[in-house]
Every structure is written in structure tokens, then in C-alpha cells.
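Please open the model in your viewer and keep the selection panel at hand. The tour below moves from whole chains to single residues.

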Amino acid sequence: MMSPELIIVGVLSSTIRLATPYLYAAIGETFGQRSGVLNLGVDGQMLIGAFAAFYIAFTTGNLWLGVLAAVIVGALMGLAMAFVSVNLQAEQGISGIGFYLFGLGMSELLFKMLLGTVETVKGFPDLEIPFLSDIPYIGEIFFQHNIMVYGAFLLVPIAWFIFNKTTLGLKIRSVGENPEAADSLGVSVARVRYFTIILAGILSGVAGASMSIALLNVFQQNMTSGLGFIAVALVYFGAWRAFGVLAGALLFSFVNSLQLWMQVLNIPISTELAIMLPYILTIVVLVLTVSKVRPPSALTKPFDRGD
Amino acid sequence: MKKLLFVLVILALALTACGGAPAEEAPAEEAPATAEMFKVAVIMPSSITDLAFSQSMYDALLAIQEEMGGEEAMEIVYSEGMFVVDDAAAAIRDYATEGYDLVIAHGSQYGSSLQEIAPDFPETSFAWGTTLNTFSEEGITNVFAYEADSQEGGYVNGVIAASLSEAGVIGVVGPIEAGDASLYVKGFVAGAEATNPDVTVNVNWIGSFSDVALASEAANTHVAAGADVLTGTAQMVVGAVGVAEENGVLWFGTQSSQTSLAPDIVVANQVYDWTVALDEMITLIGEGTYGGTAYTITLENGGIVMDYNSAYDLPEDVKAAADAAVEGIIDGSIVIPVE
């Protein structure tokens, strides 16, 4: 029989790893939604980012160039999304699905043309934080991961700070709540939304990179497997707040790693039920919490200055 | 404005189609359709280069094409990444309409579509795998069926795995507990337990054929639980192979050779060679029989091949035990319980 300490450490360090791509993508999505733009193309942006990062890292051997590539393609996807939703004032749900399908198809096409088969790279190595990684249990759970895992968790307080303590954050929130008022005070709604959507694209791209060159170190067609849609759900779950998103990502990942362990420990529960657990739990918590908070008032509403 | 958006969405959809869907066909040039040219179309759930299920079929078709005399004698077209069954059904119907001699629906999920489509094209032969159901009971005569006794290679992998495991703990990463994957895992567990009754084989079903991240985390879970040998089946295991390599634990592959992913730690692979079944189907089609037979590839008929990584130094006694298992399965002295 395995010691309980070992199981707890195993479950929790799995949770941290599983939560990483969700955090990048969902924090990015939070920026978009706080400014009033729903981006359903996250999964497609992640796939393009995952491929770009993998391909560049694979051909150049430089992981940071891979991250840069993910940032660039993510920004381009974000730019296109911004043009469609801000300038063309398109219906955001539909155009987001369009971007998802574009990313899915394009990443497959590029994979086939440029790689042809599944290859591997040596991804970011685990980076043990001095002293902290030596703390019993805690060290192994939190401080023995690769750098992109730390990046995802650092992003949460940074996003919180931007939203709540900076003028930029105030502008983003006002544009998402009342674009007419923001506009009359001289805030450019279009510029703020361009900024948030491009940032969301970049973070989705990096989310993909965290999978393809840090956590999994392979690229496989449709490797995100709908993870980007869960990230969008986590933004609602987290009530459009950075730490709320963190809580959601951790809960979802925790239950997911718990079900993996339950199977290994031969806990008599049907496999199908175990696999459903994270989704069921997320829906239950969503129903219990979301009714209490209000989404940004201008979410999904295009802004027309009327000039 | 709305119109422009619509155009954009359509454009995006069109690009998607190029990426994974039926538009993509291997030999783009229209070879002159002579009477002797045999035309095969195959619809697959993942990519032809997935190092797993889909690739095993594509490799077999290429081998047959070679045998028959190259691209002039046999045309192969494929639709890959057809995880949406509706899209697959449309592709099956398209290929049948275009007059392909043999349309292969390479995925158990395509069965009900095939049952609907096949009767509309009595002159076209269809093949469906992995299953043994040719719909002959429903009065359909133009469907072949094929499957692999994947428990056989699973058993052999299990024998080697249990012999090499020092910890006595082995981890299995599976997709959904059904069909081919379920057979493989049952065989693997039986082989491991027959070799070392004290071995612990932990099995993890992740509920998906595509979730690379969860497959990789399942592998991490096994390693944390003390496993020093891992195996897994279906195309999402590529992530798990990476985890095995990182932790220096051994890996056993199935469906196609996965040695190229991690040449240091892959010990052996069960490789499917569908040519045995395809050869017979093509012969029958030539004689005017379009279906009704089910084929099973096995170690005995050469459809299942054990492929060893030459870079891995397998101890001689272990190799001998594996060979004995292969012989035992072929001569019937080893019976693998799969129910």
C-alpha cells in the first residue's frame, strides 16, 4: 500500500502541471471579456501557438525562440480577431468558432506539411527553486516544475494588479462595463479592445507552447482536445477575476488528477464516472456561484461610436 | 458588415477542410483510370502519421500498393482526422459515389454509417474495422470486417514488461475501455501476471483518444505510484512516452512502432500488419465477392508482428521468454482470457 503522503504529493503536483495551460489561456480570456469581448477561438489560438512553438524549437533547438514564435502567431490571431470584432463589429460567438476552426485546420495543415509525423523535443527542464524546493512535501508539490509552470502562476497576481491597481485596468473594466461612458471620457474603446484581444491571443499562444515545449514536448494534431473551451468556462467560473480563475483552474485540475489516482489506487468507482467527475463538479460549482455575479455589462456587445 | 463576416467564417471553414478533411488526397494528379487500376479509399479517425492505429492501416496500404506494382496499379486516397462521425459518413458516401473499388472505414465508430451506406452501392466493396461484424445478418453482402487480436501482442509485451520491472509495478495508459484498447490491456495484464504473480499492474483509462495532456499526466501518476515500466494504446500516448523517457522508465508500444519517439526506453512494440487481411479482400473483390468475410490478424497469420528496438539491450533470457510466449500463443498452449 502506498503511503498517503506520496499520494497527496502526487495528486497536488499533477494538479499544478495540469492547471498550467488553463491558466495562461483563461487569464488571457479574462482580459478580453473584461473589456467586453468574448473570444471563443482560444482553442484554435492554442493549437497554432503549440505548433509554432514546437516547430521553431524543433528546428532551431532554442526553446525561447519557440515561445517567441507562439507569442507572434498568438498576437496575429488576436489582431485578426480584434479586427473582426472591433472594426467589423461581428457577432463574437460565431466569429470565435470560425477562429477556432481556422486554428484547428491550420495547425493540422502546417503539421502535415512541415513535420509529417510526431516528433519530440527536449522541453524546458524542471527548475528547482533554491531552498523552497527542499521544503518537505511543499517543495515537491510547488517548486520542482519547469519555468512555464511558474510563469502561469505568476501571471495571476500580475493580472490582478493590472485590473485593480492600474489606470490600464480601470480603462479595461470601464470599456467592458460602459463603453459609451468610457468613450465620452476620452478612452478609446477600440484601442483598449485591440490591446486586450491581442494580449488574449498571445496568452493563448503561450498556453499552447506550455503544452508543446514544456509539459508534453510533442505536437500532435488537435492536442489541446478542447482545453481552450474549458478555459473560457473557467473565466465564467472565476467570475471574471484573476484569483477566481486560479481557483477554478486548480479545482478542475485537482479533480482530474484525483480521478487518475483513484483508478491507480483501484478505488471501486466506474471509470466512466471518474472521467466525468471534473466536468460534473465544474458545472455544479458554476451553477452555485455564477448566479451571484454579473458578467461585464458590455460583454459580446460591439461598440459603435455612431460617427 | 455581416456579409463580410460570413465570408470570413466560410474561409476559415474551408481552411479547416484542407487541414483534416476529405479534400486532401495523397496523389493529386489524376492518373488515367484504366480498367486494371484498383482504387482504394480509407477514412481514418486520426492522422496517417499518428504512430498508432491510423498509421498501421496506411502503412499496410502502401505495402500493398508496392506489391501490386506502384501507383499505376493501385490508387490510394485517404481522409484523416475524421473524428466527427457525420463527416466520415459523408466521405464514405463520396468515395463510393466516385467509384472506388474498396472503401475502408477504419474505426469502430463508423459502423452504423456504413450499415446505412453500403446497401446503396452494391458494386462497391466496403471494409470496416475493428470489428467482426460484416452486417451479413442484416442482409448486407458488400462489407468486409477486420480486427486485430491485440491481446496476443499485449500478452507478449506483458511478459517482457514483468520480466524487466524491478519495482514490480507497471502502469498502463488507455483511452476508452472498449474494443482494441480493451483487448490489448487484458492481454498485457494477463502476460505480466503469468510471468510474475506478484506484479502490480495499474490501469488508467483517460476517456479520450486525443487528450495528450491527460495521457501524459496519467503516466506521471503511474511513475509517482512507483511504476518503472509503462505501456499504453492509441494515438494520445505520445505524451506518455515523453514522460517515460524523462523519468527513465521503459515503454512498450502497440499498433505501430513507437521506437522513434524515445529510442532509449522503448523495448518492444506490437505492430499491426493489415496486409494479410487486405490481400485476401482484394483477391475476393477480383473474383466478384464484395464482402461477407471477417478477418482477424494474429501472431499466427503474421498480421501481428513483434517489433524489438535494436538499440535496447534486451537480456537473452527475457527474449527467450517472449519467444516462448509467441510460440505458446500460436500453438494454443497459452490461452488469453479476454472476457
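Begin by selecting chain B, which holds 10 helices and 12 strands. The model is a predicted one, and colouring it by confidence is a suitable opening step. The average pLDDT of chain B is 89, and 90% of its residues score at least 70. Next, select residues 16-34 of chain B, where the pLDDT falls below 50; apart from near neighbours in sequence, this stretch makes 34 contacts in the model. Low pLDDT means that predicted coordinates should not be read in detail.

With chain B still selected, display its surface. The exposed area is about 13,000 Å², of which carbon and sulfur atoms supply 52%. Of the 339 residues in chain B, 59% count as buried. Among contacts in chain B with a separation of 6 or more, 68% join residues 24 or more positions apart.

**First stop in chain B: the loop between β9 and β10**

Select Q258(B), in the loop that links β9 (250-255) to β10 (266-272) of chain B. Is Q258(B) buried or exposed? Its relative accessibility is 1%, so Q258(B) counts as buried, the limit being under 20%. Show its surroundings: leaving aside residues up to four places away in sequence, Q258(B) touches L51(B), V237(B), W251(B), G253(B), V266(B) and N269(B).

Now move to S260(B), which is also found in the loop between β9 and β10 of chain B. Here the relative accessibility is 54%, and S260(B) therefore counts as exposed, a class that starts over 50%. For a distance across the chain, pick the C-alpha atoms of S260(B) and W128(B): the two residues are 132 apart along the chain, and the atoms are separated by 29 Å.

**Second stop in chain B: backbone geometry**

Most residues other than glycine have a negative phi, and most peptide bonds are trans. The next selections depart from one or the other pattern.

Select G129(B) and T130(B) together and display the backbone. The peptide bond from G129(B) to T130(B) is cis, with omega near 0°. T130(B) belongs to the loop between β4 (125-129) and β5 (143-148) of chain B.

Then select A234(B), in the loop between β8 (229-232) and α8 (238-246) of chain B. Phi of A234(B) is near 95°, a positive value in a residue other than glycine. A234(B) has a relative accessible area of 3%, and is therefore buried.

**Crossing to chain A**

Hide chain B and select chain A, which has 12 helices and two strands. Which order do the elements follow? Traced from the N terminus, chain A runs α-α-α-α-β-α-β-α-α-α-α-α-α-α.

Zoom out to view the whole of chain A. Its C-alpha trace spans about 70 × 50 × 40 Å along the principal axes. For 307 residues, a compact globule would have a radius of gyration near 19 Å; the value for chain A is 20 Å, which agrees. Of these 307 residues, 55% count as buried. Residues 24 or more positions apart supply 78% of the contacts in chain A that have a separation of 6 or more.

Switch to a surface view of chain A. About 12,400 Å² is exposed, and carbon and sulfur atoms supply 70% of that area. Colouring the charged side chains shows 14 positive and 16 negative ones in chain A, with the centres of the two sets 11 Å apart.

**Two residues in chain A**

Select Q89(A), in the loop between α3 (63-87) and α4 (92-115) of chain A. Phi of Q89(A) is near 50°, a positive value in a residue that is not glycine. What is the relative accessible area of Q89(A)? The value is 27%, and Q89(A) is therefore partly exposed.

The last selection is I213(A), in helix α9 (residues 189-215) of chain A. With a relative accessible area of 0%, I213(A) is buried. Which residues does I213(A) touch, not counting those up to four places away in sequence? They are A53(A), F54(A), A57(A), L63(A), G66(A), V67(A), V121(A), G123(A) and F124(A). To finish, pick the C-alpha atoms of I213(A) and A69(A): the residues are 144 apart in sequence, and the distance from C-alpha to C-alpha is 12 Å.

Note on methods:
Residues are numbered from 1 along each chain as its sequence is written. Chains are lettered from A and ligands numbered from 1 in the order in which they are written. This is a predicted model: local features need pLDDT of at least 70, side-chain atom pairs count only at pLDDT 80 or more; totals for chains, interfaces and linings use all residues. Side-chain values use heavy atoms; hydrogens and water are left out. pLDDT is the predictor's confidence in each residue, from 0 to 100. Contact means heavy atoms within 4.5 Å. Helices (H or I, at least four residues) and strands (E, at least two) are DSSP runs, numbered from the N terminus. The radius of gyration is taken over C-alpha atoms; the globule rule is 2.2 Å times the number of residues to the power 0.38. Buried means under 20% relative accessible area, exposed over 50%, partly exposed in between (1.4 Å probe, protein chains only). Accessible areas come from the Shrake-Rupley method with a 1.4 Å probe; for residues, only the protein chains shown count as cover. Lys and Arg count as positive and Asp and Glu as negative; His and the chain ends are not counted. The place of a charge is taken as NZ of Lys, CZ of Arg, CG of Asp or CD of Glu.
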